[in-house]
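Please take the sequence and the model together, and follow a packing of helices and then a pocket.

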Amino acid sequence: MTLASLAHLQIRQLLLRSLILVCLGVTSGCSPFFVMRAGYEESRILLGKKPITKVIEKTANQKTKAKLELVQQARSFAAALGLKPRGSFTEYYDIQRDVLVWVLSATPKFSFEPYTWWFPIVGSMPYRGYFSKTAGINAAKVLAAKNYDTFLRSSAAFSTLGWFDDPLLSTTLAADEVALVDTVIHEIVHNTIWVKDNVFFNETMANVIGGLGAYEFFKARGDLVNAAIAEKRIAREKKFSEFIQTTKTQLITLFQENIAARDQELRKQEILEAAVRNWDEIHILVMGEKLKNPLVLNNAAIIAYEIYLKDYQKFHDYVTARKSQNTTYDLAQFIAELEKLARLADSEQVDPYSLLNAKLNP
């Protein structure tokens with residue numbers, strides 16, 4: 001077999017695997033155009049990635065070199081916690097654009113039932129990714145015309161849940177040191193623990209572990225400045241989780257009232273505008289600075305934020321409860337217990353949050 005034909009075969013194999021794993025189709029299956037684009041994008045990354053060790057050797061930019069080395073160290077730290085990096089974050093790929101993927105969420109205007117798409121392997125998910133902002137905007141317009149609230153956000157990283165060795169992407173490397181370490185640990189959590197059809201649990205769990213992991217990582221290195229930043233960001237996430245839940249509860253109460261749709265829409269906007277002003281004040285108190293970008297808030301945005309924050313505090317309460325029983329309890333033990341909980345949730349087909357609640361309230 002010639003080198004050219006071998007390369008062609010490798011590309012075909014990668015495409016086939018990519019189509020199975022990353023196509024984000026409609027509920028009845030994967031749309032052919034998106035499947036081909038997803039396969040192309042994933043294969044382009046997998047074929048174009050380079051070992052981080054070689055990139056470090058060749059780069060003359062000391063800041064880039066330091067951040068690449070930080071990724072290697074964060075990866076080793078994640079492994080020491082009992083997470084399974086496999087081959088993830090051992091290679092680097094420059095996607096040559098500022099945003100990896102645009103992620104669309106949608107809900108009806110007067111409820112929080114998320115619009116879902118079906119994904120191979122992972123099941124039903126309350127969002128879909130687009131490889132161009134224009135495609136995401138057009139998809140949002142279609143749903144808006146059907147009376148859905150929509151929310152389109154950018155994403156700098158992703159996980160293939162261990163099916164591929166996910167490389168470090170240039171979009172991820174652009175983050176500050178704390179966010180970079182947080183993201184590496186977060187994505188490696190997905191390699192290790194994933195409960196099918198429970199994206200809220202999976203993402204919130206990874207968010208919690210990523211934040212705690214970043215804090216412990218910098219603390220262990222004696223980098224008290226970045227450890228303090230990581231701790232402050234955890235505090236912000238706790239406040240934002242509470243804020244989102246409070247706003248959602250206010251809107252649910254409104255949606256249950258028997259009033260005209262027009263009046264309901266007006267009162268909804270009043271609640272959202274007041275909530276945005278409130279969050280601006282909370283953010284300044286917690287972070288000591290104003291928001292860099294204004295908060296976007298509607299039903300779809302609330303669900304999109306909640307994906308990463310559902311019962312966020314409960315995970316921290318779990319750690320606090322364990323530490324009160326055992327002062328040597330650490331993040332590695334927490335991860336091991338969550339991994340067992342996730343396996344049980346999958347095998348028994350039960351809500352992982354119900355298992356977490358049972359452990360909190362024996």
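In this predicted model, helix 9 passes helix 11 in a left-handed crossing. Helix 9 covers residues 224-255 and helix 11 covers residues 299-306, and the two pack at an angle of about 140°, with their axes 10 Å apart. Because angles over 145 degrees count as roughly antiparallel and this one does not reach that cut-off, helix 9 is described as oblique to helix 11.

On the side of helix 9, the residues that make this contact are Phe-240, Ile-244, Gln-245, Thr-247, Lys-248, Leu-251 and Phe-255, while helix 11 contributes Asn-299, Ile-302, Ile-303, Tyr-305 and Glu-306. Sorted by class, the residues of the contact between helix 9 and helix 11 comprise 7 nonpolar, 3 polar and 2 charged.

Helix 9 also has a part in the second feature, the second largest pocket, where it is one of the elements that give two or more residues to the lining. This pocket has a volume of about 320 Å³, and of the 16 residues that line it, Leu-212, Tyr-215, Glu-216, Val-319 and Lys-323 are the closest to its centre. Besides helix 9, the elements that give two or more residues to the lining are helix 8 (199-220), helix 12 (312-325) and helix 13 (331-348); the largest share, 4 residues, comes from helix 12. By class, the lining of the second largest pocket holds 9 nonpolar, 2 polar and 5 charged residues.

Technical notes. Residues are numbered from 1 along each chain as its sequence is written. This is a predicted model: local features need pLDDT of at least 70, side-chain atom pairs count only at pLDDT 80 or more; totals for chains, interfaces and linings use all residues. Side-chain values use heavy atoms; hydrogens and water are left out. Axes are lines fitted to C-alpha atoms, for helices over the stretch in contact, and angles run from 0 to 180 degrees between N-to-C directions. Angles under 35 degrees count as roughly parallel, over 145 as roughly antiparallel, 65 to 115 as roughly perpendicular and the rest as oblique. A crossing is left-handed if the near helix is turned anticlockwise from the far one by less than a right angle, and right-handed if clockwise. Contact means heavy atoms within 4.5 Å. Ala, Val, Leu, Ile, Met, Phe, Trp, Tyr, Cys and Pro count as nonpolar, Asp, Glu, Lys and Arg as charged, and the others, Gly among them, as polar. On a 1 Å grid over the protein atoms alone, a cavity is a set of points where a 1.4 Å probe fits but cannot get out, and a pocket is an open set with protein on both sides within 12 Å along at least five of seven lines; lining residues have an atom within 4 Å of a point. Grid points are joined across faces, edges and corners, and a volume is the space filled by probe spheres set on the points.
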